[in-house]
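Here is a short report on one protein chain. Keep the sequence and the 3D view open while you read.

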Amino acid sequence: METASTFSLDHRIIRPDGTMRVVDLRSEPVIDANGEQIARRGTIQDITERHAVEEALRASQRQLQVITDSLPAMISYVDTDLRYQSVNKTYEEFFQRPRETIIGMRIHDLVEADVASMAARQIQIALAGTPTSTDVTRTYPDGLTRDMSFNIIPDRQRDGKIGGVFILGIDIPERKAIEDALRTSQNEMRTVLDNVAATISYIDTNLHYRFVNQALATMLGLVAEDMPGMSLHDVVNEQMFKQIEPWLNRAMAGEQVAFDIERTYPVVGTRDMNLSFVPDFDATNTVQGLYILGTDVTWRKTAEEKMRVSDTRL
């Protein structure tokens, strides 16, 4: 028998105190033994923090485009078919054509045959998993000939496959200016990560922290700048470590995992957290660390428990 379907939607609400929250509305049919819909049940989960994280990530993507467009370097992304999928403003200026006309073109359609053949050989090396670099001499539209250094970096995806390559072309005399600009962009990115309502960290294979954002440090009652070098064992007790160890081992073996866990923090007390462990692969497809993203789902757990109690009473 056909029944109403489950649905979910995000909605903004204004609370009596004037603050705005974003909630996730979910509803599903309640079916009796005869297959008839007798009611609907649902939950309302406050996802303001998750929504803020998503907005921050979108903002960081826009910020990254601004950063790449401001660098005096040729930056592009080429897929496995040797087609451009992204180019920056310097690329536009070099070829004197809008990026919209470049995206989708194959390298051989854009550059001289000898340069395209050389680039294709280097890209194939990178597509096999090995970063590579080469120096070439290019003549700019202004007629000046400059020495350029090109770095080609594999884009290794979560499943270990390589989806394309990042290409960075730098006018060698301008390399120092590029390095200074990249250091500035790293500082700006840290500011973004420190202001999202989620815990974000990175640990190496020895379980030592390499990066911790402000949200996690605050929950732990620590200083973010002091945590790199600390061990995971320094911030979780033995009981908690045994709970997360199976997930940790799976992630260190190359699998992205996510799970819910209850954890007591020194500052905010007991919270229900959704943790995601995302492996970070090096150029040889070996896991060199994990990104750890934590989202507070206490509201969701509370709503689910209330729904279970309601169902029991029915």
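β12 and β13 run antiparallel, and nine bridges join them. One bridge pairs Pro279 with Leu290 in β13. This is a predicted model, and the pairings described here are read from it.

**The five-strand sheet**

β12 and β13 belong to an open sheet of five strands. The order is β10-β9-β13-β12-β11, and the pairing is antiparallel. β10 (209–212) and β11 stand at the edges. Each of these two has a single partner strand, so one side of each is left without a neighbour in the sheet. From one strand to the next, the twist averages 25°.

β9 pairs with β13 on one hand and with β10 on the other. Six bridges link β9 to β13, in the antiparallel sense. Asp204 stands opposite Gly289 in β13. With β10, β9 forms three antiparallel bridges. There, Ser201 faces Val212 of β10. The hairpin of β9 and β10 has four residues between the strands. Leu207, in this hairpin, takes a positive phi near 65°.

The bridge counts and example partners in both sheets are set side by side below.

| Strand pair | Bridges | Example of opposite residues |
|---|---|---|
| β12 and β13 | nine | Pro279 and Leu290 |
| β9 and β13 | six | Asp204 and Gly289 |
| β9 and β10 | three | Ser201 and Val212 |
| β2 and β3 | nine | Asp24 and Gln45 |

**Strand β9 and Thr199**

How many of the six residues of β9 are buried? Six of the six are, and the strand is mostly covered. In a regular strand the side chains alternate between the two faces of the sheet. In β9, Thr199, Ser201 and Ile203 point one way. Ile200, Tyr202 and Asp204 point the other way. Both sets are buried.

Take Thr199, which is found in strand β9. Is Thr199 buried or exposed? Its relative accessible area is 6%; buried means under 20%, so Thr199 is buried. Leave aside its neighbours within four places in sequence, and Thr199 is in contact with Asn213, Ala215, Leu216, Met219, Met273, Ile292, Leu293 and Gly294.

**Helix α8 against the sheet**

α8 lies across β9, β11, β12 and β13. The helix runs at about 155° to β11. Which residues of α8 are buried? They are Met240, Phe241, Ile244, Leu248 and Ala251. These buried residues pack against β9 (199–204), β11 (257–265), β12 (269–281) and β13 (287–296).

α8 covers residues 238–252. At Ile244 the helix bends by about 45°. A proline, Pro246, follows within four residues. Ile244 is thus named twice: at the bend and among the buried residues of the helix.

Both ends of α8 have details to check. At the start, a side-chain oxygen of Asn237 reaches to within 3.3 Å of the backbone nitrogen of Gln239. After the helix comes Gly254, whose phi is positive, near 110°.

**The three-strand sheet**

Another open sheet has three strands, in the order β1-β2-β3. The pairing is antiparallel. β1 (7–14) and β3 (37–46) stand at the edges, each with a single partner strand, so one side of each is left without a neighbour in the sheet. The twist averages 25° from one strand to the next.

Strand β2 (residues 20–31) is joined to β3 by nine bridges. Asp24 stands opposite Gln45 in β3.

Asp32 lies in the loop between β2 and β3. Asp32 is partly exposed, with a relative accessible area of 26%. Which backbone nitrogen does the Asp32 side chain reach at 2.8 Å? That of Glu36. The Asp32 side chain also reaches the backbone nitrogen of Asn34, at 2.9 Å.

**The chain as a whole**

The protein chain has nine helices and 13 strands. Buried residues make up 40% of its 314 residues. Now take contacts between residues at least 6 apart in sequence: 40% of them join residues at least 24 apart. The chain exposes about 18100 Å². Carbon and sulfur atoms supply 51% of that area.

Key
Residues numbered from 1 in each chain as written. Predicted model: local features only at pLDDT ≥ 70, side-chain atom pairs only at ≥ 80, totals over all residues. Heavy atoms only, no water. Pairing = 2+ DSSP bridges. Axes fitted to C-alpha atoms, helices over the stretch in contact; angles between N-to-C directions. Bend = angle between axes of the 7 residues up to and from the residue. Buried < 20%, exposed > 50% of the residue type's maximum accessible area, 1.4 Å probe, protein only. Contact = heavy atoms within 4.5 Å. Polar contact = N/O pair within 3.5 Å; in protein donor to acceptor, adjacent residues only side chain to side chain. Areas by Shrake-Rupley, 256 points an atom, 1.4 Å probe, with all protein chains shown as cover.
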